[in-house]
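Reader: I'm new to this one. Could you walk me through it and tell me how each label is earned?

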Amino acid sequence: MKILFVALLVVYGCSADSHSIKRALQNKGPVVADQKVSGAADQTPAAVEAPIFKLAIKNCDQVMRTMERITGASRLQPPVSTVYESVKGSCPTDPSPDSLDGSQIVAFNKLATAFCAGYVTNVIKKGLVSGIDVAQPPKVGVTDAGLDNLYDDFFKRFYLGPRSGIPDVAKIKASIDSTLKEVRDAATTPATARGSEALIQAACSTVLGSAPVITQ
């Protein structure tokens, strides 16, 4: 995983597309699942059904509205509009989790990466996350304390505060922190500002493309 991440980070130095970079950070847990409340429901009379909590997959328009609100990047501006034109044929039309396939996941991932370019511009480059300076090379501009602040910002922005069914800050950190630090500190990672941008964009799009964002 780390080798793939590093190789793609080098490629990112010449390209604005960090979709493949981000995949090395992705949480491989289940994307969505229908959940039925258990326990006392087993003793409920047959005429009374137990409450059911169902997850549904958002369509691309719903996902883009969420990503737009979170990152501050407009869907009407490149690279988001360009990416959307390339993936709209793969956007989900059936909200059932069972209908989610690989092409739809790729579409969501590409949109997340495009919106995260806006996150880097609108949030990180404006100094709104202390300890992260993407004008500096990764080893200087992406500090350990800065990464902790980044995970906290992810939780607040991407999950819009505490909400049922989402990972807390500690879980977000556990899922990507070790890989981020390994890549940041690797001798093969480009010691450029572009490398720092790629690192943050990859981390951002990993979280932005996760289940809590694409489901409702």
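**Getting the layout**

Author: Going from the N terminus, the elements of the protein chain follow the order α-α-β-β-α-α-α-α-α-α-α-α. That gives ten helices and two strands. Keep in mind that this is a predicted model.

Reader: How much of the protein chain is buried?

Author: Buried residues account for 44% of the 216 residues. The label goes to residues under 20% relative accessible area. As for the surface, the chain exposes about 10,800 Å², with carbon and sulfur atoms supplying 55% of it.

Reader: And what share of the contacts join residues at least 24 apart?

Author: That share is 72%, counted among contacts between residues at least 6 apart in sequence.

**Salt bridges**

Reader: What makes Asp148 and Lys173 a salt bridge?

Author: The cut-off is 4 Å from a side-chain nitrogen of Lys or Arg to a carboxyl oxygen of Asp or Glu. Here the N to O distance is 3.0 Å, so the pair qualifies. The two partners belong to distant parts of the chain: Asp148 sits in helix H7 (residues 144–158) and Lys173 in helix H8, 25 residues apart.

Reader: Why are Asp148 and Lys173 called partly exposed?

Author: Partly exposed covers the range between under 20%, which is buried, and over 50%, which is exposed. Asp148 has a relative accessible area of 34%, so it falls in that range. Lys173, at 29%, also counts as partly exposed.

Reader: Where do Arg157 and Asp153 sit relative to each other?

Author: They are four residues apart in helix H7, which means about one helical turn separates them. Their side chains meet in a salt bridge with an N to O distance of 2.8 Å.

Reader: Are Arg157 and Asp153 buried or partly exposed?

Author: Asp153 has a relative accessible area of 12%, under the 20% limit, so Asp153 is buried. Arg157 comes out at 24%, which lies above that limit and below 50%, so Arg157 is partly exposed.

Reader: How many salt bridges does the structure hold?

Author: Twelve. One of them joins Glu85 and Lys88, with 3.0 Å from N to O. Lys88 is partly exposed, with 41% relative accessibility. There is also a network of salt bridges linking Asp61, Arg65, Glu68 and Arg75. In general, side chains of opposite charge can pair when their charged atoms come close.

**An exposed alanine**

Reader: How do you know that Ala174 is exposed?

Author: Its relative accessible area is 62% and exposed means over 50%, so Ala174 earns the label. Ala174 lies in helix H8 (residues 169–185). From Tyr151, Ala174 is 23 residues away in sequence and 10.0 Å away in space, C-alpha to C-alpha.

**How the helices pack**

Reader: Why are H8 and H9 called roughly antiparallel?

Author: They pack at an angle of about 160°, with axes 11 Å apart. Angles over 145 degrees count as roughly antiparallel, so that is the verdict for H8 and H9. The crossing is right-handed. The contact includes Ile172, Ile176 and Leu180 of H8, with Leu199 and Ala203 among the residues of H9.

Reader: What makes H3 and H5 roughly parallel?

Author: Their axes cross at roughly 20° and come within 9 Å. Anything under 35 degrees counts as roughly parallel, so H3 and H5 fit. H3 passes H5 in a right-handed crossing. Among the residues making the contact are Met64 and Met67 of H3, along with Phe108 and Leu111 of H5.

Reader: And why are H5 and H9 called oblique?

Author: The axes of helix H5 (residues 102–124) and helix H9 (residues 193–208) cross at roughly 125° and come within 8 Å. That angle falls outside the 65 to 115 range for roughly perpendicular and is not over 145, so H5 and H9 are oblique. This crossing is right-handed. The residues that meet include Phe115 and Val120 in H5, and Ile200 and Cys204 in H9.

**A cis bond**

Reader: Which peptide bond is cis?

Author: The one from Pro78 to Pro79, with omega near 5°. Pro79 lies in the loop between helix H3 (60–71) and helix H4 (80–87).

Definitions and conventions:
Residues are numbered from 1 along each chain as its sequence is written. This is a predicted model: local features need pLDDT of at least 70, side-chain atom pairs count only at pLDDT 80 or more; totals for chains, interfaces and linings use all residues. Side-chain values use heavy atoms; hydrogens and water are left out. Buried means under 20% relative accessible area, exposed over 50%, partly exposed in between (1.4 Å probe, protein chains only). Contact means heavy atoms within 4.5 Å. Accessible areas come from the Shrake-Rupley method with a 1.4 Å probe; for residues, only the protein chains shown count as cover. Axes are lines fitted to C-alpha atoms, for helices over the stretch in contact, and angles run from 0 to 180 degrees between N-to-C directions. A crossing is left-handed if the near helix is turned anticlockwise from the far one by less than a right angle, and right-handed if clockwise.
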